Amino acid sequence: MNDDKLTAGSPPGDGHAEKQRQPQVSHLSRLPPLSGVGLESHLLERALFMANCGVLITDAVPKQNYILFANPRFERMTGYTLGEVLGQNCRFLQGPDTDSATLQEIRKALIAERECRVVIRNYRKDGSAFWNELAISPVRDEAGQLTHFLGIQLDVSDRRLSEEEAGKARLLADGIVETLREPLAVLDGDLRVVSINQAFRESFQVTDLETSGQLFYRLGNGQWDIPPLRHLLEEVLPANKSFRDFEVSHDFPAIGTRTMLLNGRRLETDDGLPNLILLAFQDVTDNRRGLEAVLRLQNEQAATTLRQRNFLREILQSVTEGRLQLCDSAEQLPPQLPACGEPVPLTDPSALRTMRLRIREATRAAGFPEERQADAETSVAEAAMNAVLHGGGGVGQVCTDTDSGVVQVLIQDQGKGIPEESLHRATLERGWTTAGTLGHGFWLVLSTCDRVFLLTGSEGTTLILEHEKTPAPPPWVTA
């Protein structure tokens, strides 16, 4: 076969084929009969003309292989007419990007008189390139002698472009996967490892050779052979396509005890390729250890705060001879006694007069001595004034139990409350809670009540004052 090449799109016959080697055969009637076909020649010719692929028949003369027949599909595929190609060698389809190794493969097949199938880059008459899937078969006569070559051609440019685009996409995906910091593994439908990324190799200290093609469960001496994970991969994943944050704690041979979160997704393809499974691994060991340390610290801080508050409660009780009860919740407050009238809104100083009148009526009804009545009025006035001036408003309620001789005052406000670190000063230091006013503050309330229950926090303060007709003896007397 002549190795000379034509420039892409050059019309055949322009200085490359002499007139004497153009027999101008255009149909099959001039070809030797095909033994054993059992069909009339005109029917066979019509079938080749109607074929949906390009068909060429050439002679079998070495280094010539001139075209004796070309069907209409070949004409449409290449842009050359039958008259332009008859008597020519197929080299006119070659161009600058035609692969020389593929051409050599074709030459060897022709010399060896054997079949050949290749995909080659050819060029149309207008110079445009296309990918040609070419199948060459030798044709022999009844005696087994080679007489012709049959070439079947398919334009596979679209398929080749799709393959190239898919290849680029795979390269891009592989590049992204390799740069991810989290370990990733790709499995096939049988749960065998297709590939792993660099982070997986480094994290679990394995190589591609050790993992490729291996069952995922057998990696690392079976370290992933975990029944719940098997259930996810074999049953949940096929039905749901994905799972997230499956936790695995394991003593890995190379890296020690680690806690991993696994995400899995089944990747379905539309191009007939096998489905794949993507597994992503996140090492949360340090995060979990850090979280455990934070929780321990929080628990220790909570325990310390509780101890400090209990200590403060005991100190306040001791210093006030049991009169002040520091409460942590509403459940620790005493039950409310029957109310004496409607609640009094503590929105302005005029409410102080109403509260004084209410406590005066209640203490008189309970039979309080005048001195005890005065103490009750003083404590109520101080507490109500604090709610009006510093508590953002609130309500006051006077209650009494005439049978037991106990008068109770409930005062609630929506202020910011007394900070924990200031409770000792607010309750014991004279004038601290009423600084800038003429009041004496919480200290005076404690001095004129039998019992004070205090629940304070960021959502406000609840204060319950209790007075008895006859003062109770000091704790050390009844102890």
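The legends below describe close-up views of a predicted model.

Residues are numbered from 1 along each chain as its sequence is written, and side-chain values use heavy atoms, with hydrogens and water left out. Because the model is predicted, local features need pLDDT of at least 70 and side-chain atom pairs count only at pLDDT 80 or more, while totals for chains, interfaces and linings use all residues.

**View 1. The five-strand sheet is open and antiparallel.**
Helices (H or I, at least four residues) and strands (E, at least two) are DSSP runs, numbered from the N terminus. Two strands pair if DSSP finds at least two bridges between them. The strand order in this sheet is β7-β6-β10-β9-β8. Strands β7 (193-196) and β8 (242-252) stand at the edges with a single partner strand each, so one side of each has no neighbour in the sheet. Direction ignored, neighbouring strands of this sheet are turned by 25° against each other on average.

**View 2. Bridges link β8, β9 and β10.**
β8 and β9 run antiparallel and are joined by nine bridges. F246 stands opposite L262 in β9, and D251 stands opposite T257 in β9. β9 and β10 also run antiparallel, joined by eight bridges. M260 has D283 in β10 as its bridge partner.

**View 3. Helix α9 lies across three strands.**
Axes are lines fitted to C-alpha atoms, for helices over the stretch in contact, and angles run from 0 to 180 degrees between N-to-C directions. Helix α9 spans residues 227-240 and lies across β8, β9 and β10. Its direction runs at about 165° to β8. Helix α10 packs on the sheet as well, touching β8, β9 and β10, and its direction makes about 120° with that of β9.

**View 4. Helix α10 covers residues 285-319.**
The expected span of a helix is 1.5 Å times one less than its number of residues. For the 35 residues of α10 this gives 51 Å, and the end C-alpha atoms are 50 Å apart, which agrees. Buried means under 20% relative accessible area, exposed over 50%, and partly exposed in between (1.4 Å probe, protein chains only). The buried residues of α10 are T285, R309, L312, R313 and L316. An α-helix has 3.6 residues a turn, so residues three or four places apart point the same way. The buried residues of α10 pack against β9 (256-267), β10 (276-283), β11 (324-326) and α13 (423-428). Just after α10, E321 takes a positive phi of about 55°.

**View 5. E420 is in contact with helix α10 residues R309 and L312.**
E420 is located in the loop between β14 and α13. Is E420 buried or exposed? With a relative accessible area of 35%, E420 is partly exposed. Contact means heavy atoms within 4.5 Å. Leaving aside neighbours within four places in sequence, E420 is in contact with R309 and L312. E420 and R309 are 111 residues apart in sequence, and their C-alpha atoms are 8.2 Å apart in space.

**View 6. One aromatic cluster holds F200, F204, F216, Y217, W224 and F281.**
Rings of Phe, Tyr and Trp (its six-membered ring) pair if their centres lie within 6.5 Å; planes under 30 degrees apart count as stacked, over 60 as edge-to-face and the rest as tilted. The structure holds 10 aromatic pairs. F216 and W224 form a stacked pair, with 5.5 Å from centre to centre and 25° between the planes. F216 counts as buried because its relative accessibility is 0%, and W224 counts as buried at 0%.

**View 7. Arginines sit over the rings of Y217 and W131.**
A charge sits over a ring if NZ of Lys or CZ of Arg is within 6 Å of the ring centre and within 35 degrees of the ring normal. R230 lies over the face of Y217, at 3.8 Å from the ring centre. The charged end of R160 sits over the ring of W131, 3.9 Å from the ring centre.

**View 8. The six-strand sheet is open, with mixed pairing.**
The strand order is β11-β15-β16-β14-β13-β12. β11 and β12 (344-345) stand at the edges, each with a single partner strand, so one side of each is left without a neighbour in the sheet. Helix α11 (residues 350-365) packs on the sheet and touches β12, β13 and β14. The direction of α11 makes about 10° with that of β13.
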